[in-house]
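This report describes the fold of one protein chain, its nonpolar cores and the pairing of some of its strands. The model is predicted.

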Amino acid sequence: METQQSQLKQWYDNKVLLIILFFLLPPLGIYAMSKHKTHTWKKVLYITPSAIVTILLTTGIIGSFFLDSYKTGLDYYNKKDFVKAYDFFRMVKSDDKNYNDAITKITEIKPIVDSINTVKENEKLTKNQRVEDKDIVKKHEKGIVSTSSDFPLDQQNFIKAVEQAYSDYKEASNELKKSAIRTERGYLIKKILDGKRNFSDWVVVVKEMHTTGKGKAYFTVKINETNIEMGTVNNELSNMFENSLIEQSNPIYNQISEFQKGDVVIISGSFFPSDKSDYIQELSLTEEGSMRKPEFLIKFTNVQKNN
């Protein structure tokens with residue numbers, strides 16, 4: 001009998017166990033603290049915050065059962081907070097009388113939500129690249145042009161055209177001249193590519209490689225010591241218009257799965273045509289971005305490690 005009482009005391013007199021219970025099982029922690037041999041003020045000191053946490057968790061759990069996801073989503077929809085509205089509409093169950101309307105609104109706002117998420121992702125990627133890009137921008141501003149002899153001749157000429165265009169662009173005195181420089185860059189690129197849009201064996205560095213929600217790969221590379229990037233789109237919505245994402249059934253998917261960011265690789269592919277003056281499609285949202293840090297959309301046909 002005495003042994004059993006001693007064992008019973010052990011578990012609620014063990015301070016380490018008490019701390020663990022307060023974090024993992026607050027109600028049991030409160031009970032143990034009430035039994036623990038210590039001053040009453042200490043019990044109050046420990047039990048009060050744990051009790052508050054328990055009440056909040058209980059309230060949250062109970063509230064989740066009674067939360068009207070459709071009504072909450074509709075409130076956010078009317079406030080034009082489409083990201084939160086989208087999340088709540090997705091929580092509407094199929095037996096809810098407003099389920100069909102929730103699906104309709106999901107279809108309506110999904111492109112907006114995808115666009116917002118894409119912007120956030122791009123901002124995150126931009127932030128991660130800021131230190132690296134700062135040095136590259138300085139080289140742009142000094143007019144340093146990278147034309148490594150390791151690059152194929154058409155790639156060297158492509159770099160010269162893009163780099164020189166940016167140098168001229170930032171020196172231009174007004175918007176009319178700037179726009180004309182962009183158009184001239186398009187003419188030069190067309191000439192360098194001999195009126196075609198395909199290229200072979202260009203030497204680049206892996207910048208980003210991720211997958212979409214449907215498992216397709218988006219892959220971005222850059223030409224070393226420049227601000228020139230090339231790659232696929234990074235979301236399913238954009239891919240509906242330009243089929244550039246890499247399917248898992250594509251052999252290139254397996255090739256790039258072996259790469260790491262920063263690997264030097266050799267690529268072949270084709271640029272997408274542009275409906276602007278670039279000749280090849282460029283994804284920047286602004287003209288200044290197109291000239292300073294161009295992002296050219298391409299369809300990869302071959303990717304291999306540079307041995």
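## Core and strand pairing

V303 is in contact with F219, I252, Q255, I256, F259, V265, I266 and I267, leaving aside neighbours within four places in sequence. V303 is also one of the residues that touch the most other members of the largest nonpolar core, together with F158, F219, M230, I267, F271 and F296. That core has 31 residues. At least two residues each are supplied by α8, β1 (198–211), β2 (217–222), α11 (251–256), β4 and β5 (295–305). The largest share, five residues, comes from β1. Another core, of eleven residues, lies apart from this one and includes Y70, F82, F89 and V113.

The chain as a whole has twelve helices and five strands. Of its 307 residues, 39% count as buried. Among contacts with a separation of 6 or more, 62% are between residues 24 or more positions apart. The accessible surface is about 18700 Å², and carbon and sulfur atoms account for 55% of that area.

Strand β2 pairs with β1 and with β3 (residues 229–231), as the table sets out.

| Strand pair | Sense | Bridges | A bridge pair | Residues between strands | Positive phi |
|---|---|---|---|---|---|
| β1 and β2 | antiparallel | six | M209 and F219 | five | G215, near 85 degrees |
| β2 and β3 | antiparallel | three | K222 and E229 | six | E225, near 65 degrees |

How many of the six residues of β2 are buried? Six of the six are, so β2 is largely enclosed by the rest of the structure. A217, F219 and V221 point one way from the strand, while Y218, T220 and K222 point the other way, and all are buried. F219 thus appears in several roles: it points the same way as A217 and V221, it is the bridge partner of M209, and it touches V303.

Two further positions can be described individually. S268 lies in strand β4 (residues 264–271). Its relative accessibility is 9%, and buried means under 20%, so S268 counts as buried. Not counting residues up to four places away in sequence, S268 touches F199, S200 and D201, as well as K299, F300, T301 and N302.

F151 is found in the loop between α7 (99–141) and α8 (153–171). Although in a loop, F151 is buried, with a relative accessible area of 9%. The C-alpha atoms of F151 and I223 are separated by 9.7 Å, and the two residues are 72 residues apart along the chain.

How values were computed:
Residues numbered from 1 in each chain as written. Predicted model: local features only at pLDDT ≥ 70, side-chain atom pairs only at ≥ 80, totals over all residues. Heavy atoms only, no water. Helix = DSSP H or I, 4+ residues; strand = E, 2+ residues; numbered from the N terminus. Buried < 20%, exposed > 50% of the residue type's maximum accessible area, 1.4 Å probe, protein only. Contact = heavy atoms within 4.5 Å. Core = buried A, V, L, I, M, F, W, Y, C linked by side-chain atoms within 4.5 Å. Areas by Shrake-Rupley, 256 points an atom, 1.4 Å probe, with all protein chains shown as cover. Pairing = 2+ DSSP bridges.
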